[in-house]
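This report goes through one structure from the single chain to the contacts between its parts. The sequence and coordinates come next.

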Number of protein chains: 2
Amino acid sequence: MNKGERTKKYIIEQSSTLFNTIGYKSTSIGEIMKATGLKKGGIFYHFDSKDEIAEASFSYSLMTLKEKYLQAINSKETAKEQLYAFTKIFMNLSSDDILVGGCPLMNAAIEADDSNILIEDSVKEGFAALIEIIKSIIEFGKTQNEIDKQVNSEEVAVLILSSLEGALALSRLNKDKKYLDLVIKQIKAMLF
Amino acid sequence: MNKGERTKKYIIEQSSTLFNTIGYKSTSIGEIMKATGLKKGGIFYHFDSKDEIAEASFSYSLMTLKEKYLQAINSKETAKEQLYAFTKIFMNLSSDDILVGGCPLMNAAIEADDSNILIEDSVKEGFAALIEIIKSIIEFGKTQNEIDKQVNSEEVAVLILSSLEGALALSRLNKDKKYLDLVIKQIKAMLF
DNA sequence: AATATAAGAGACCGAACGGTCTTTTTTAAG
DNA sequence: CTTAAAAAAGACCGTTCGGTCTCTTATATT
């Protein structure tokens, strides 16, 4: 990887944190300059526009997020452990070094409500992927006789994701993990 | 109510929709001028800063929201009907004429993450009030023998609000009410 | 109808925005 | 070591931002 590629990657890493913490509108080129130590010329040499930086940053966040989920679930032998690993990531989304600023998907979904139609599809895909992961955990649990075969995997997956996202927002707002704790506790009680 | 008061109220009404749909940062004075038909001088005669408009608009949204909830619940005789009325408001938050743009609380919670510390307390209070309303519905249901007396009102209220907020975001993003429908269905099944 | 005051218009301001362009410096291949 | 190309600097541009200030118009009280 030559200098140019390294710098471009570095800009994306730094920017993704900015976009996720203070949002698209508030992340100015000036902020990115400060965070990277580069000047305007250096940044616009690698990207044609702020939107292009935002897109690259969001993709990077998504990739990181997905990796984290899959890696956490892998090597777990029971559905219960998998679900625990999954929820643990949600718990850490507030303090995670890389993904600081909460769930990138939810943030993008709320802010890019009308504008940024560019990333709207990516956000949809991201959520769909998360639901799919939860669904696969539930279905795995059924084959292991951990989870009642009557539960509707898709529907329950939607409930789990929705409640986790809502609780994450509440916990971040109140700077109190109890909301996430409460929701996770009840989800477990519901499934196992 | 004299002209000045009418105009100020009108600015707040129009602005609250703007803030809730496109967010604080994206709602410029220019946008407010367009929405109200007033010029800069007319707007800043009634407010000292954009933040002051934002605060007034948010308070107005909160008040409207709370009114809607309480009014919907009143005159309902069973907890089941009350909960149904409550969830129905959530369903309509996407299409409501006044509160267009989703849940004002969630929008504010996500966007005013670091900045706008001004309204942070109001957002917290707003969420606490919603949880309290749900809690009271559940407790009413217990006295009516509709709901199992063993359920923890507070905890379940948090789960319900979290999942509704999450599902609302999903439904708005995908322009598909099914997420809210699914979650509401499961909440009902859980309680009744 | 007169008039004091409330309400609003709109030109103006400095700062910050995203983005361009020329110049300088750094990198890396021969 | 030389040199062409890649990378970065930073002055500059037009636009939009939130906000001010003066001047005009509308309101409401006597």
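The sections below cover the fold of chain A, the relation of the two copies, the core, the DNA surfaces and two loop residues.

**Chain A**

The model is a predicted one. Chain A holds 9 helices and 0 strands, and the order of its elements from the N terminus is α-α-α-α-α-α-α-α-α. The C-alpha trace of chain A spans about 60 × 35 × 30 Å along its principal axes. Of the 192 residues of chain A, 39% count as buried. Among contacts in chain A with a separation of 6 or more, 59% are made by residues 24 or more positions apart.

**The two copies**

A turn of 180° with a shift of 0.0 Å along the axis lays chain A on chain B with an RMSD of 0.0 Å. The two copies are therefore related as by a two-fold rotation axis. In chain A, Ser163(A) has the C-alpha nearest the axis, at 1.8 Å from it.

The contact between the chains takes 33 residues from chain A and 34 residues from chain B. On the side of chain A that touches chain B, H1, helix H6 (104-111), helix H7 (117-143), helix H8 (153-174) and helix H9 (178-191) each supply at least two residues. H8(A) provides the largest share of that side, 13 residues. By class, the side of chain A that touches chain B has 16 nonpolar, 10 polar and 7 charged residues. Because 100% of the interface residues of chain A are also interface residues in chain B, the copies meet through the same surface.

**The nonpolar core**

The largest nonpolar core has 100 residues, and Ala109(A), Val183(A), Ala109(B) and Val183(B) touch the most other members. Leaving aside neighbours within four places in sequence, Val183(B) is in contact with Val158(A), Leu159(A) and Ser162(A) of chain A, and with Ser163(B), Leu164(B) and Ala167(B) of chain B.

**Surfaces near the DNA strands**

Around DNA strand D there are 21 residues, of which Gly4(A), Gly41(A), Gly42(A), Ser28(B) and Lys50(B) come nearest. Helix H1 (3-22) and helix H3 (40-46) of chain A, with helix H2 (29-36) and helix H3 (40-46) of chain B, each give at least two residues to the surface near DNA strand D.

DNA strand C is surrounded by 21 residues, and the closest are Ser28(A), Lys50(A), Gly4(B), Gly41(B) and Gly42(B). Two or more residues of the surface near DNA strand C come from each of helix H2 (29-36) and H3 of chain A and helix H1 (3-22) and H3 of chain B.

The table lists the element with the largest share and the classes for each surface.

| Surface | Largest share | Classes |
|---|---|---|
| near DNA strand D | H3(A), 4 residues | 4 nonpolar, 10 polar, 7 charged residues |
| near DNA strand C | H3(B), 4 residues | 4 nonpolar, 10 polar, 7 charged residues |

**Two loop residues of chain B**

Asn145(B) is in the loop between helix H7 (117-143) and helix H8 (153-174) of chain B. Phi of Asn145(B) is near 60°, a positive value in a residue other than glycine. Asn145(B) counts as exposed because it has 9 C-beta neighbours inside 10 Å, and the limit for exposed is 12 or fewer.

Lys175(B) lies in the loop between H8 and helix H9 (178-191) of chain B. Phi of Lys175(B), a residue other than glycine, is also positive, near 50°. With 8 other C-beta atoms within 10 Å, Lys175(B) is exposed.

Note on methods: Residues numbered from 1 in each chain as written. Chains lettered and ligands numbered in written order. Predicted model: local features only at pLDDT ≥ 70, side-chain atom pairs only at ≥ 80, totals over all residues. Near = placed C-beta within 6 Å. Nonpolar A, V, L, I, M, F, W, Y, C, P; charged D, E, K, R; others polar. Least-squares fit on C-alpha atoms with pLDDT ≥ 70 in both. Contact = placed C-beta atoms within 7 Å. Core = buried A, V, L, I, M, F, W, Y, C linked by C-beta atoms within 7 Å. Buried ≥ 20, exposed ≤ 12 C-beta atoms within 10 Å, placed from the backbone.
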